[in-house]
There are 2 protein chains.
Amino acid sequence: MKLAEETTETIKHDILDKAFLRFGRYGFGKTTMAEIAKDCDMSAGNLYRYFENKKEIAAGCAQRCMQQKLELVREIIRDTSLTPDKKLQRFAMDVLEYMHQQFSSEPALMELVDFVSRERWDIVIHYMEQEKSLLTEILSEGNRSGQFNVSNVLETAKWIQASLIKFIAPRYMDAFSLEELQKEAKGVTALLTAGLKK
Amino acid sequence: MKLAEETTETIKHDILDKAFLRFGRYGFGKTTMAEIAKDCDMSAGNLYRYFENKKEIAAGCAQRCMQQKLELVREIIRDTSLTPDKKLQRFAMDVLEYMHQQFSSEPALMELVDFVSRERWDIVIHYMEQEKSLLTEILSEGNRSGQFNVSNVLETAKWIQASLIKFIAPRYMDAFSLEELQKEAKGVTALLTAGLKK
DNA sequence: ATAATAAATATTTAATAATATATTCATTAT
DNA sequence: ATAATGAATATATTATTAAATATTTATTAT
């Protein structure tokens, strides 16, 4: 990567950082390009050298947020001290805690969710595909170690993803308490892993 | 029940019928009290003898819709030809089909969902409690017949409910196709019942 | 040549007025 | 006495305008 490219990426990164903070605190609508620009010590016009428009900045924030969720999962997969069934449980618990944390500390973030749901569902689909792929890794590991007996790893991953949606998706984060959701997540994963075992 | 009371109930019932049709086709916002009244062959003012206001009519519609979902489940429970695990699967499949049917034929209905989510979450909680209670019945039956081995029936019912939320709640009905959701529902219930068995 | 700015323009949002609708109530019919 | 109406009033929607903000572009600096 050339120096110019690198600084461009760094600046983009900084813009998303600053924008995400504002979107979280004041919401998408109440955040102005001028404000984001000032946070980044540049003019509003200059933002357009890095992002096509305000919605693309919001999309970038959402994508990064989802990438962070995925990174959380990759860390769990890497952790060799965890058995596959523990990895599945940690998947639900860690993602849930991350999501609930985000939405309880920054309720205005729900505006970003609404935007993505309405206008950038493609981002959600892409995230879900990647997440599903990570789930297949956990299942395959379980198959190899003999702990699981899953014939169709890809399909099963989709089912697990569907059954954990309450703890992964933003929709119910503000409707239920973290404690309540955590108890449920633990129960659901226990039930699921029981069904996966030999 | 006295005759007067009975006709009052009949009229209320008719109002909800007519209102629900309009909410479904034109949405809550675009439906006027005058229109509902005309559908019922009465004046707008007279509606207030039966419902406190427009929101109460909407709440009544939502409640009735949820009661119908519950009735669906009660039918499944009554069906003696089904084993408990089949009942669980039918629970997911029948409710999913009912919901998807509703929201694909009447997309404006989502407005009613938004209203209930925002202002009458208590109705949702009440529905979920009843639904959970019906799930415990299925689990208990499974325990009695020896097909299931569930130690805490009430907690487990909550977990099953949480894991099937994608197929029961309205939120994702317009984001995924019925076929896709049906495949997933089948997979999830299969996974869950495997975990419940002795 | 690249990066940034700041002024110009297009678009969106906010404020207001105008209209439509929800709700109440005095009156009439059953 | 109960049920229903339709006019009166309060509330909420919609249309219109004014103001703010997003986006583009001509210009300047590096």
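Let me start with the surroundings of DNA strand D in this predicted model, where 15 residues lie around the strand and A:Met33, A:Tyr48, B:Ser43, B:Arg49 and B:Tyr50 come nearest. Sorted by class, that surface has five nonpolar, seven polar and three charged residues.

What part of the strand faces the protein? Of the atoms of DNA strand D within 4 Å of the protein, 74% belong to sugar or phosphate, and the rest belong to bases.

The phosphate contacts deserve to be taken one at a time. On chain A, an N or O atom in the side chain of A:Tyr48 is 2.6 Å from a phosphate oxygen of DNA strand D, while A:Lys54 places a backbone N or O atom 2.8 Å from a phosphate oxygen of that strand. On chain B, the side chain of B:Tyr50 has an N or O atom 2.5 Å from a phosphate oxygen of DNA strand D. As for secondary structure, the elements that give two or more residues to this surface are helix H2 (33-39) of chain A and helix H3 (44-47) of chain B.

Let me now turn to a residue in another helix, B:Met99, which is found in helix H5 of chain B, residues 84-105. Is B:Met99 buried or exposed? Its relative accessibility is 4%, and because buried means under 20%, B:Met99 counts as buried.

Leaving aside residues up to four places away in sequence, B:Met99 touches B:Lys69, B:Ile168, B:Ala169, B:Pro170 and B:Met173. For one of these, B:Ala169, the separation from B:Met99 is 70 residues in sequence, whereas in space the two are 7.9 Å apart, C-alpha to C-alpha.

Terms used
Residues are numbered from 1 along each chain as its sequence is written. Chains are lettered from A and ligands numbered from 1 in the order in which they are written. This is a predicted model: local features need pLDDT of at least 70, side-chain atom pairs count only at pLDDT 80 or more; totals for chains, interfaces and linings use all residues. Side-chain values use heavy atoms; hydrogens and water are left out. A residue is near a molecule or strand if one of its heavy atoms lies within 4 Å of it. A polar contact is a pair of N or O atoms within 3.5 Å; within protein, one must be able to donate a hydrogen and the other to accept it, and residues adjacent in sequence count only if both atoms are side-chain atoms. Helices (H or I, at least four residues) and strands (E, at least two) are DSSP runs, numbered from the N terminus. Ala, Val, Leu, Ile, Met, Phe, Trp, Tyr, Cys and Pro count as nonpolar, Asp, Glu, Lys and Arg as charged, and the others, Gly among them, as polar. Buried means under 20% relative accessible area, exposed over 50%, partly exposed in between (1.4 Å probe, protein chains only). Contact means heavy atoms within 4.5 Å.
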